[in-house]
Amino acid sequence: MPSTFTDKSDIPAPPEEVRIPLQAIRGRGAATAMAHRFARDVREVADDGWGYPPGGDNAADDAPAAPVATRVHLETARSAICANDSPDIFFELSVNPYRGCEHGCIYCYARPTHSYLNFSPGLDFETQIVAKYNIAEVLRSELCAPRYVPRLINIGSATDCYQPVERELKLTRSLIEVMRDARHPFSLITKSSGVERDLDLLAPLAAQRLAAVYVTITTLDATLARRMEPRAAAPHRRLRTIRALAEAGVPVGVSVAPQIPFITEDMEQVLEAARDAGARSAFYTVLRLPWELDTLFREWLQVHYPQRAARVMARVQDLHNLTDAQRGAGKAYHSDFATRMKGSGLWADLLRQRFSTTCRRLGLNRERVELNLSQFRPGLLRGQSSLF
């Protein structure tokens, strides 16, 4: 017989929604394959309270999920060189052989670009890798174009050019070979020890002032690095890479970016260790959270550092000098060119002072690495000989 209620006060309140707790995925930075901003449908998993008893017929459902596999998609690139007019970026041109990055760094500002491919900025960004297999041929063609004017090119500005798939595809190596053949100067940035494979190319080019390398080290804390950058080289391994590059005569700098308040708190120690390993320059940025990255980073905080999540986000907002109205709207940072990289306000000024004081004490950034644009010879790419 159905239950009846004569008074609204007798009606039991509906149970509160119970969400399945987020879990760290072994070897991955993101905890979920969140929907991207162009998705028409958004699906969320929730626990309805009717779970199967342990050892029952559906006990297999309780077994640990299989590791998330990485899939590489080959893409025919139509262009190689990407220009930017951002005054806060030290290079004007860049080349990125890969979209997405298996390193899985949770703070990566390139994650939202995966939305344009109909992939999630979360797990898809680090498991669905797009490789531009013909990138070297396209770059060769663009460097040969009559209207091309040589400017500093950076390789790997968006996603790491030495992520794991590079071992087999060697797209970055092919780009370096094109640069070598054209005598075109370039820099590259990575957090992978894979760059050591190409020392046979980089060392001679560095001797001609045609190449420089920057290695990113966000922290010396191996446990934190494993959570934050799960498939990148360990911090001590990156220091060995800096040493190997420096000993080979390659100008090498260290990037201590991004600085995340109450998470990466050992900037001075990183700079000193990098200097001791052979780095002669350094730079930093503060955490930026564009588009879906805001939600992803907050989710990561809830998985790994729930007790300090609110404190971290409040300080991130401080670093970007947000107003009370902007904070109330949930905004996490300013995207304008003038302040997005280093932030503004009191806390940004304190961070800037920490960095500059440490660099001055360690002797970093005393000499600017000047690469030589005058050696560019596009005719060499067309098989012409050179008198110089």
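Biologist: Hi! Which residue does Ile189 stand opposite in strand 10?

Modeller: Hello! Ile189 stands opposite Tyr214 there. Keep in mind that this is a predicted model.

Biologist: Noted. How many bridges join strand 9 to strand 10, and do they run parallel or antiparallel?

Modeller: There are five bridges between strand 9 and strand 10 (residues 211-216), and the two run parallel.

Biologist: And what do strand 9, helix 5 and strand 10 make together?

Modeller: They make a β-α-β unit, and a right-handed one.

Biologist: What about strand 8, in which sense does it pair with strand 9?

Modeller: In the parallel sense: strand 8 (residues 153-155) pairs with strand 9 over three bridges. If you want a spot to look at, find Asn154, which stands opposite Ser187 of strand 9.

Biologist: Which way do the residues of strand 9 point?

Modeller: Phe186, Leu188 and Thr190 point one way, while Ser187 and Ile189 point the other way. Residues on both sides are buried.

Biologist: How many of the residues of strand 9 are buried, then?

Modeller: Five of the five, so strand 9 is largely enclosed by the rest of the structure.

Biologist: Nice. Let's change sheets. In what order do the three strands of the open sheet come?

Modeller: The order is 3-7-6, with mixed pairing. Strand 3 and strand 6 are the edge strands, each pairing on one side only.

Biologist: How many bridges join strand 6 to strand 7?

Modeller: Two, and those strands run antiparallel, with strand 7 covering residues 128-132. One place to look is Arg99, whose bridge partner in strand 7 is Val130.

Biologist: Which residue does Arg99 form a salt bridge with?

Modeller: With Glu75, and the closest N and O atoms are 3.1 Å apart. Arg99 lies in strand 6 (residues 98-99) and Glu75 in strand 3 (residues 71-75), so the salt bridge ties together parts that are 24 residues apart in sequence.

Biologist: Are those two buried or partly exposed?

Modeller: Partly exposed in each case: Arg99 has a relative accessibility of 32%, and Glu75 has 22%.

Biologist: How many salt bridges does the count come to?

Modeller: It comes to 20 salt bridges. As background, side chains of opposite charge can pair when their charged atoms come close.

Biologist: Where does Glu102 come in, what is its salt bridge partner?

Modeller: Glu102 pairs with Arg231, with the closest N and O atoms 2.8 Å apart. This pair links distant parts of the chain, 129 residues apart. Glu102 sits in the loop between strand 6 and helix 1 (123-127), and Arg231 in the loop between helix 6 (222-228) and helix 7 (235-247).

Biologist: Is Glu102 buried or exposed?

Modeller: Buried, at 10% relative accessible area. Its partner Arg231 is partly exposed, at 33%.

Biologist: What does Glu166 form a salt bridge with?

Modeller: Arg197, with 2.7 Å between the closest N and O atoms. Glu166 is in helix 3 and Arg197 is in the loop between strand 9 (186-190) and helix 5 (199-207), so this contact ties together parts 31 residues apart in sequence. Glu166 is buried, with a relative accessible area of 2%, whereas Arg197 is partly exposed at 32%.

Biologist: Which residues are joined into one network with those two?

Modeller: Arg173, Glu177, Asp198 and Asp200 join Glu166 and Arg197, through salt bridges that share partners.

Biologist: Over to the surface. Which residues form the nonpolar patch?

Modeller: Val72, Leu74, Tyr133 and Leu169 form it, with about 360 Å² of accessible area together. Of these, Leu169 is found in helix 3 (residues 166-169) and is partly exposed, with a relative accessible area of 32%.

Biologist: Last topic, cysteines. How many disulfides does the structure hold?

Modeller: Zero.

Biologist: Why is there no bond for Cys161?

Modeller: Because its sulfur is 9.5 Å from the closest cysteine sulfur, that of Cys101, which is too far for a bond. For a disulfide the two sulfur atoms would have to be within 2.5 Å.

Biologist: Is Cys161 buried or exposed, and what about Cys359?

Modeller: Cys161 is buried, at 0% relative accessibility. Cys359 is buried too, with a relative accessible area of 4%.

Key:
Residues numbered from 1 in each chain as written. Predicted model: local features only at pLDDT ≥ 70, side-chain atom pairs only at ≥ 80, totals over all residues. Heavy atoms only, no water. Buried < 20%, exposed > 50% of the residue type's maximum accessible area, 1.4 Å probe, protein only. Patch = residues over 30% accessible without salt bridge, like charges linked within 9 Å, V, L, I, M, F, W, Y side chains within 5 Å. Areas by Shrake-Rupley, 256 points an atom, 1.4 Å probe, with all protein chains shown as cover. Salt bridge = Lys/Arg side-chain N within 4 Å of Asp/Glu carboxyl O. Helix = DSSP H or I, 4+ residues; strand = E, 2+ residues; numbered from the N terminus. Pairing = 2+ DSSP bridges. Right-handed = clockwise from strand over helix to strand, strands pointing away.
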